[in-house]
Amino acid sequence: MAQFSFTSSDGKLFSIKGPQGLTREQAEAVFKKQDATGSLVGFQPGDSLSAASQAADGLASAQGPLSQAQSGLAGALDNVGSVASIGSISTALGATGGALGGSLAATAAGLTAAVGPAVSAISGAISKIFGAGNAGQPLVSAAVIQGSTAVSSIQTINKTITGFAVTNPINASDFTKVASSITGDSAVNGIGPMSVPEVNGVLAQAKNLVSQASNVLSNNKGLGSFGFDLKQLEDAGYVKPGVAALAKQGASLFATVAKSPAAWTGKDGIKSATDLLGNAGKQSQIQQDLMTKGVAGLGAIGIPVQNLSSQGIAGMALNAAKSIADTEAFAKGLPIPGDATGAVQAAFSSAVRDGAFAVNLVNTKIPTAFKEQDIPVPKSDTVNRATLDAASTRVVGDPKIPVPSYTAKAKTGTAQDYIDRATAYFDNYLDPTAQKLAALDPKFAALENQQTITQAQYDALNSERDAIRNYYNINGVPVATAIVESFASLPASEQATINGTEFSVSAISAKIQTTLALSTQQKERLYALQFKIEGRGEGE
């Protein structure tokens, strides 16, 4: 990537970033146009300028030419004084707009640009600045101090949408099955720029990509119609922390671990894989929640979700529902960690391409009437209360039916029993976990003092910390939970004996929080260390 610095008319220093091969003269032409038209007035250190940001702010000079460029109007930028006039920050896609193939070829022209009119492919319209020989050269990141993540993500989305074939497209029937909510799996809310009908289309597309029934669990495809893995279920709160890492020890362990009731938290009454496999509506809710959190996570790492169109965000939301970290690497064009075969990369590309197709199908081929949703209105006064009361009285009033007792169960147990259990928990689980985590600090410091580290060094430290946490999560957490519950069953006098000591519930909780804080701090240090891995960040 080429970068040049120039001083504006008011004496401020600005940087122009562009593709490899961009000359200083070309960059200066970009800068002078911006400076002459006042586009740089009021800029602060760290601010960025692009056609996307100008259009988002309502600048007509950015919106107009970009719309014209999407329509294939060569030379539309001749007299416009903005970054838009020389190609904006987007990837040149060859044929302007990049129409979708297949059944939408005649109706979806220009819909594949990731951010609609704000960022577009411009081919041939920059010949007056760069010369006829370079008329088709893409301007990637020709912006003032433009963030690489935002630019590379838009580039990746546009390249994927236009460069990959649709793998398993939905049709009107697929959409209707979801939108009709026959099995309770339709969209509840929009996600980001996607409307409820568009989300229904993306949910249908997600099912097509997995191609597995909602009541099936397999090592190859995961759980249910969306193919959940244990990490997703763990993130959603349905599987206990650490279970996903345990299953990673062998591919065949997925089904075995998922089928174990001990792995599940019981959230929303889902206490086993069988419960979730029998509830298609709950599966859809989990998928939507993961997509919503995923889109928010993408925004947090710099991907411009606020500017992406529904087509641009659809597949990225599906990918982020799998893993935000992997989606970040995909967006930046970096190798996805642990994806030696390229299977994850291929799946992510298919999700982006097919997701855009699904949204376009909803917008161009699905009749409006099919997209409308009737919101059920709660019913009232549907029961004859007098008849019900009379029936209840006949049952409860029968001498053979015992009268219900609402007296609370007597509390039992002693303070000493409780203290013995708490002591065993400290000795066997909490204290050893804290000591083992503390012993990792010198290893963290050693890697932090190095300029670069190897992937093997990072993986070794990460695995060691995970092993400590996983052992505690699987073995120590249930014991701690049982101890706290046992305190509630003690008589008030026994509880009074414990309160104020190191064995009180509040004292135990504080000690647990201290250990967890150390674990969280180490997780943050691991996140920072990954940027020191040799080769990471190349191409940014």
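**Exercise 1. Work out where S504 sits and what surrounds it.**

Solution. Start with the place: S504 lies in the loop between α21 (492-498) and α22 (505-529). Helices here are DSSP runs of H or I with at least four residues, strands are E runs of at least two, and both are numbered from the N terminus. Before going on, note that this is a predicted model, in which local features need pLDDT of at least 70, side-chain atom pairs count only at pLDDT 80 or more, and totals for chains, interfaces and linings use all residues. Residues are numbered from 1 along each chain as its sequence is written, and side-chain values use heavy atoms, with hydrogens and water left out.

Next, the cover: S504 has a relative accessible area of 5%, so it is buried (under 20% relative accessible area; exposed is over 50%, partly exposed in between, with a 1.4 Å probe and protein chains only). Then list the neighbours. Leaving aside residues up to four places away in sequence, S504 touches Y418, I498 and N499, a contact being heavy atoms within 4.5 Å. Finally, the side chains of S504 and S506 are joined by a polar contact of 3.2 Å. Such a contact is a pair of N or O atoms within 3.5 Å; within protein, one must be able to donate a hydrogen and the other to accept it, and residues adjacent in sequence count only if both atoms are side-chain atoms.

**Exercise 2. Check the length of α7 against the expected span, then describe its surroundings.**

Solution. Helix α7 covers residues 196-210, which is 15 residues. The expected span is 1.5 Å times one less than the number of residues. That gives 21 Å for α7, and its end C-alpha atoms are 21 Å apart, so the two agree. As for cover, 13 of the 15 residues of α7 are buried. Just after α7 comes S211, with a positive phi near 55°.

**Exercise 3. Describe α14 from its cap to the residue that follows it.**

Solution. Begin at the N-terminal end, where S323 caps α14: a side-chain oxygen of S323 lies 3.1 Å from the backbone nitrogen of D326. Along α14 (residues 324-332), seven of the nine residues are buried, including F330 and K332. The residue after α14 is G333, whose phi is positive, near 80°.

**Exercise 4. Trace the aromatic group around F426.**

Solution. The structure holds seven aromatic pairs. Y425 and F426 make a tilted one, at 5.8 Å centre to centre with 45° between the planes. Rings of Phe, Tyr and Trp (its six-membered ring) pair if their centres lie within 6.5 Å; planes under 30 degrees apart count as stacked, over 60 as edge-to-face and the rest as tilted. Both Y425 and F426 are buried, and together with F503 they form one aromatic cluster. Now add the charge: the charged end of K511 sits over the ring of F426, 4.2 Å from its centre. This requires NZ of Lys or CZ of Arg within 6 Å of the ring centre and within 35 degrees of the ring normal.

**Exercise 5. Find what I533 meets in the segment after α22.**

Solution. I533 is found in the segment after α22. With a relative accessible area of 9%, I533 is buried. Its C-alpha is 4.9 Å from that of I453, although 80 residues separate the two in sequence. Besides I453, I533 touches T454, Q455 and Y458, not counting residues up to four places away in sequence.
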